[in-house]
Amino acid sequence: MSVSEPATGRRRREGPTPPQSEAPYLEALRAFAERRPVRLHVPGHKGGPAADPEMAEVLGERALALDIPALTPGIDQGPEPTPFQQAQLMAAEAWGARRSWFLVNGASQGNHVALLTLAHSGAELVVQRNVHSSTIDALIVSGMRPTFVASEIDPELGVAHCVTPEALDRALAETPRAAGAAIVSPTYFGAVADVQGLAEVAHARGVPLVVDEAWGSHFPFHLELPTPALSLGADLVVSSTHKVVGSVTQSAIVHLGEGGLIDEEVVDRCVTLLESTSPSSLLSGSLDAARRLAATRGFELLTRTMAGLRDIRAAVRELPGLDVLDERLVGAPGVHAYDPLRVVIDVRGTGATGYELARRIREHDDILLELAGENVIVAVFGMAEDVVASGARLVTALREELASRVHPGDRSREAFAPPPPWGELVMSPREAFLAPQEVLPAADAVGRVAAESLAAYPPGIPNVLPGERLTAETLDYVRRAIELGGSLRGASDRELRTIRAVVER
Ligand SMILES: Cc1ncc(COP(=O)(O)O)c(C=O)c1O
């Protein structure tokens, strides 16, 4: 089938793709650099010679030579499929998508693309309450009006798990004009949703399911990992490939499923609209390479990584006061499967908070974690990482901290209380974001419409989102969480002395 020239030059092509052992885009970049063409175009560093010398030394002359602009013949222009098109076709094949788009503004861009795409079919959306902030921003970008669906909360750990199909079904029933549903799986803590059940519920009501699988880009490459969302009926999947699979930071992919509920051309337009006209060839090259690594060696690498992580979990469990979350979590409300590529350590038995322990191992051992909370710390491991070395350092550091420096009493003894219900949505997040606003003392804000988000951690579920009416109960809850040593995300004033509210006329 011949296809016309698309705006992004990335159209899916029928026919065979090169074997997954090849990386056509990366190889084309390399051939370009080795040819040493006369570069009378951007970027102004000219592939290295015109760069700041220290920049060339630090980033590497090789990297600068591969930094080329869009619309370069033989790379993303010329006979089709171009190497750029081939790279995306091969990514679609590797991840099991109908079509995939490389993104250069992270999975954040993927979430913006997803909601802007859904906004073509309606103005309402059912969305998991504790989505990543980029999905809340996507509500602002797309103008969609959300009906929020709560995820399950683990009352002991004070962390949020996933949305259940029953909860999604109820929210969709309340929102008959919803153009789709958007959920997150896996969570920061490795909990994986019942994506098949969620997709069935959405499809039964005739709408597509968007899955933010930012943390699960490695799932297709090992049978012992949770089943990837695309194989379970998800219609659009956002994958933060840089996170675990290991492309360069800020690179990501959005994948279209086979369901036919989302128009491929609309996704294509949304990707283009939300993207620089100068997407980084280094980021795209890293996606092509990371796809090859995952597709050809992912099974072997993940087998080794998972075995190493089993040993690390066992070693952490031996330490006094520590426990590790794992497959035992499966079956808890909102947890259908578990991603073993992270080590989530329950620190409640140590006398210290997760914040405190994370600070100590950072200051004393130069170990930086992905996340620290009141009750847990989270270490994330890469698909191809030597986890034996990094895990051993983590275990040694924790052992030393627990033996010498952590004292009972470091930790707040207050039990976690579930947050109060969120306030009425008076206007869409976009309307609130664009409305006239003022900053006022939080004490005077009851009854006003919020122009910003407030999310007290734990468990980090937004208590307030732009467009919602502020209640005394919610403001008291957030204030109390801060007093108890929790943190506040999203707010312009992290101490909640002031708050940004809409000026209602
Ligand atoms: C669930 C989720 N979605 C999306 C994102 C955004 O990803 P990126 O940083 O690649 O833009 C994150 C980032 O941490 C995330 O945790």
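Here is a short conversation about how the descriptions of this predicted model are reached.

User: Let's start with a single residue. Why is Pro441 called exposed?

Analyst: Count its neighbours: Pro441 has 10 other C-beta atoms within 10 Å. A residue with 12 or fewer counts as exposed, so Pro441 earns that label.

User: Where is Pro441, and which residues is Pro441 in contact with, leaving aside its neighbours within four places in sequence?

Analyst: Pro441 belongs to strand E16, residues 437-441. With those sequence neighbours left aside, its contacts are Arg497 and Thr498. As for Arg430, 11 residues away along the chain, its C-alpha atom is 23 Å from that of Pro441.

User: What makes Leu496 buried?

Analyst: Leu496 has 20 C-beta neighbours inside 10 Å. The cut-off for buried is 20 or more, so Leu496 counts as buried. You will find Leu496 in the loop between strand E18 (487-489) and strand E19 (498-502).

User: And why is Lys46 called partly exposed?

Analyst: Here the count is 16 C-beta neighbours inside 10 Å. Exposed would need 12 or fewer and buried 20 or more, so Lys46, with its 16, is partly exposed. Lys46 sits in the loop between helix H1 (24-35) and helix H2 (53-59).

User: What is worth noting about phi in Lys46 and Leu496?

Analyst: Phi is near 60° in Lys46, a positive value in a residue other than glycine. Leu496 is also a residue other than glycine with a positive phi, near 55°. For background, most residues other than glycine have a negative phi, and most peptide bonds are trans.

User: Speaking of peptide bonds, which residues does a cis peptide bond join?

Analyst: One cis bond joins Glu80 and Pro81, with omega about -5°. Pro81 lies in the loop between helix H3 (61-65) and helix H4 (83-95). Another cis bond runs from Ser185 to Pro186, where omega is near 0°. Pro186 is in the loop between strand E6 (178-184) and strand E7 (191-192).

User: Now to the helices. How do you know that the buried residues of H9 line one face?

Analyst: Begin with the residues themselves: in helix H9 (264-273), Val267, Asp268, Cys270 and Val271 are buried. Looking down the axis of H9, they fall within an arc of 165°, so they line one face of the helix. The face turned away from that buried side carries the exposed residues Glu265 and Leu273. The buried residues of H9 pack against strand E1 (99-103), helix H5 (106-118) and strand E10 (252-256).

User: What puts the buried residues of H8 on the same side?

Analyst: The buried residues of helix H8 (195-204) are Val195, Leu198, Ala199, Val201 and Ala202. Around the axis they cover an arc of only 160°, so they are on the same side of H8. Their cover includes helix H7 (165-174), E6 and strand E8 (209-212). After H8 comes Gly206, with a positive phi near 80°.

User: Why are H10 and H12 called roughly parallel?

Analyst: Helix H10 (281-318) and H12 pack at an angle of about 10°, and their axes are 9 Å apart. Angles under 35 degrees count as roughly parallel, so that is the description for H10 and H12. Where they meet, H10 brings Thr305, Gly308, Leu309, Ile312, Ala315 and Val316, and H12 brings Val387, Val388, Gly391, Val395 and Leu398. By class, this contact has eight nonpolar, three polar and no charged residues.

User: What makes H11 roughly perpendicular to H12?

Analyst: Helix H11 (354-365) packs against helix H12 (387-404) at an angle of about 110°, with 10 Å between their axes. The range for roughly perpendicular is 65 to 115 degrees, so H11 is roughly perpendicular to H12. Leu357, Arg360, Ile361 and Asp365 of H11 make the contact with Arg393, Ala397, Leu398 and Glu401 of H12. Sorted by class, there are four nonpolar, no polar and four charged residues.

User: Finally, how many residues of domain 1 are in contact with domain 2?

Analyst: Four residues of domain 1 touch four residues of domain 2. The domain assignment gives domain 1 as 298-404 and domain 2 as 429-502. Their centres, taken over C-alpha atoms, are separated by 32 Å. On the domain 1 side, the touching residues are three polar and one charged, with no nonpolar residues.

Key
Residues are numbered from 1 along each chain as its sequence is written. This is a predicted model: local features need pLDDT of at least 70, side-chain atom pairs count only at pLDDT 80 or more; totals for chains, interfaces and linings use all residues. Helices (H or I, at least four residues) and strands (E, at least two) are DSSP runs, numbered from the N terminus. The arc is that of the directions from the helix axis to the C-beta atoms. Two residues are in contact if their C-beta atoms, placed from the backbone, lie within 7 Å. Axes are lines fitted to C-alpha atoms, for helices over the stretch in contact, and angles run from 0 to 180 degrees between N-to-C directions. Angles under 35 degrees count as roughly parallel, over 145 as roughly antiparallel, 65 to 115 as roughly perpendicular and the rest as oblique. Ala, Val, Leu, Ile, Met, Phe, Trp, Tyr, Cys and Pro count as nonpolar, Asp, Glu, Lys and Arg as charged, and the others, Gly among them, as polar. Domain bounds come from an automatic or database domain assignment.
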